[in-house]
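Reader: I would like to learn how to read the helix packing and the metal site of a structure. Could we take one feature at a time?

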Amino acid sequence: MIRIFAILTPFLFIPLLASAQHQHDFAGLETPETMSAMRLIDRGDGSAPRWMTFADAMKLSEKSHAEGRCAGFMDITDFQDLDQEPMPMVEYFKLNLGDRPLKQQAYLSRAINELDSQQLFKTVSEMSAFKNRYYKSDLGVQAAIYISDRFKAIAKNRTDIEVNLFKHNWPQPSVVAVMKGQGPHANEIVILGGHEDSINQSAFGSNNMTAPGADDNASGTATVIEVFREIVESGFKPDRTLMFMTYAAEEVGLYGSQDIAKKFKEQGKTVVGVMQLDMTAFPGAGDQIVFMTDFTNPNLTQFAQKLVDSYVKVKWSTDKCGYACSDHASWTKAGYAAIMPFEATMKNDNKDIHTVRDVIQKLDFKFGLHFAKLGLAFLTELAKD
Ligand code: BES
Ligand code: ZN
């Protein structure tokens, strides 16, 4: 009897210890106050925004993902007027995107072959080595600095490129690399971006959460860096200004991209097109690119589909997230034209995101290269008339 009790005792205590440990970690980043703070949540499904606690909002997202749906939310508490005023300065229609002829065949026939899947692997392996990249953790800040150091190393000999941290009112900054355009179109901007943060939805708020976020979204970040590398190293000189962005705090409600889109709108900046890369290396539905058709611009999507046919030469199809699932929605809401090419259909998406199992071993960087090709074609074709 005593022996059985002695054997069982440690097992009886494990759950208690685990929950004590969880509570302790939990206090690290999100506090009882921030967890119970009321946030205005827009499900983006047509229903009216609702006030709920931060904790309930995160549970909503966790539940959707557990059910194999991508049906989260946009936290609009601090950005309630993002879609209130029309955007007179949006001039993307001048580019006649649906019918815009392609002109960069000569450049792209060479440059596309210089994109390197090993570089994607390197970045994803280094990014996913951060235990997490949560927007409130020191590691999340360090991950942003890592990205900015990568951009700076690539741009070290260039005076027309600036790399900046975009500071927010939470610890993790976004990162913005700017390649200035030359001539009369220099004030028009083309953006390639993806989010840099990660989350473990079963342990959110914990200082020690393990959230490698290899697919979601070290993969998109790696693609942004690789396209930047090729544009710089090939000596491409844009007429329009090209921006490469990695957004902070996407996983908690698109905070970083909303903050940036809001500022661009306030400053009256002309953005002619935005491509969002969020999850690009898990070929869940085979060798194809899937364009999300909600919260995106149909003309710009059509243009990008043409780029796939001409330059990436892979199958494409369409699907819907069903709600504002990533940072493209922040740009769309602000009145800009944004698109989201994605790695799979919703039905066949990577079910391990937001868990400890979102690791590099599950990814395929030959497949991931399609998105680098598309990103490179997108920026360079829109960079010149
Ligand atoms: N990369 C995901 C979105 C996603 C997941 C798109 C699966 C398509 C398939 C993104 O980082 C994410 O998790 N977004 C949140 C929403 C956000 C507003 C909190 C989500 O889906 O819960
Ligand atoms: Zn993501």
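**Helix packing and a zinc site**

Author: Helix H6 (residues 138-154) and helix H7 (residues 214-233) pack with their axes 10 Å apart and at an angle of about 15°. H6 is therefore roughly parallel to H7. In general, two packed helices are described by the angle between their axes and the distance between the axes. The model is a predicted one, in which local features need pLDDT of at least 70 and side-chain atom pairs count only at pLDDT 80 or more, while totals for chains, interfaces and linings use all residues. Residues are numbered from 1 along each chain as its sequence is written, chains are lettered from A and ligands numbered from 1 in the order in which they are written, and side-chain values use heavy atoms, without hydrogens and water.

Reader: How are these terms to be understood?

Author: Helices (H or I, at least four residues) and strands (E, at least two) are DSSP runs, numbered from the N terminus. Axes are lines fitted to C-alpha atoms, for helices over the stretch in contact, and angles run from 0 to 180 degrees between N-to-C directions. Angles under 35 degrees count as roughly parallel, over 145 as roughly antiparallel, 65 to 115 as roughly perpendicular, and the rest as oblique.

Reader: Which residues of H6 and H7 meet?

Author: Ile 147, Arg 150, Phe 151 and Ile 154 of H6 meet Thr 221, Val 224, Ile 225, Phe 228, Arg 229 and Val 232 of H7, contact meaning heavy atoms within 4.5 Å. This contact of H6 with H7 has seven nonpolar, one polar and two charged residues. Here Ala, Val, Leu, Ile, Met, Phe, Trp, Tyr, Cys and Pro count as nonpolar, Asp, Glu, Lys and Arg as charged, and the others, Gly among them, as polar.

Reader: At what angle do H5 and H11 pack?

Author: Helix H5 (residues 117-128) and helix H11 (residues 365-383) pack at about 100°, with their axes 9 Å apart. H5 is therefore roughly perpendicular to H11. In H5, Ser 117, Leu 120, Phe 121 and Val 124 meet Phe 365, Lys 366, Gly 368 and Leu 369 in H11. By class, the residues of this contact divide into five nonpolar, two polar and one charged.

Reader: At what angle do H5 and H6 pack?

Author: H5 and H6 pack at an angle of about 150°, with axes 11 Å apart. H5 is therefore roughly antiparallel to H6.

Reader: Which residues coordinate the zinc ion?

Author: Donors are N, O and S atoms within 2.8 Å of the metal (3.2 Å for Na, K and Ca), and water is not among the atoms, so sites may look incomplete. The zinc ion (ligand 2) is coordinated by His 195 (NE2), Asp 216 (OD) and Asp 278 (OD, listed twice), at 1.9 to 2.5 Å. Asp 216 lies in helix H7 and Asp 278 in the loop between strand E8 (270-276) and strand E9 (288-292), so the pair ties together parts that are 62 residues apart in sequence.

Reader: What is notable in the backbone?

Author: Most residues other than glycine have a negative phi, and most peptide bonds are trans. The peptide bond from Asp 216 to Asn 217 is cis, with omega near 0°, and Asn 217 is in helix H7. Met 279 has a positive phi, near 80°, and is placed in the loop between E8 and E9.
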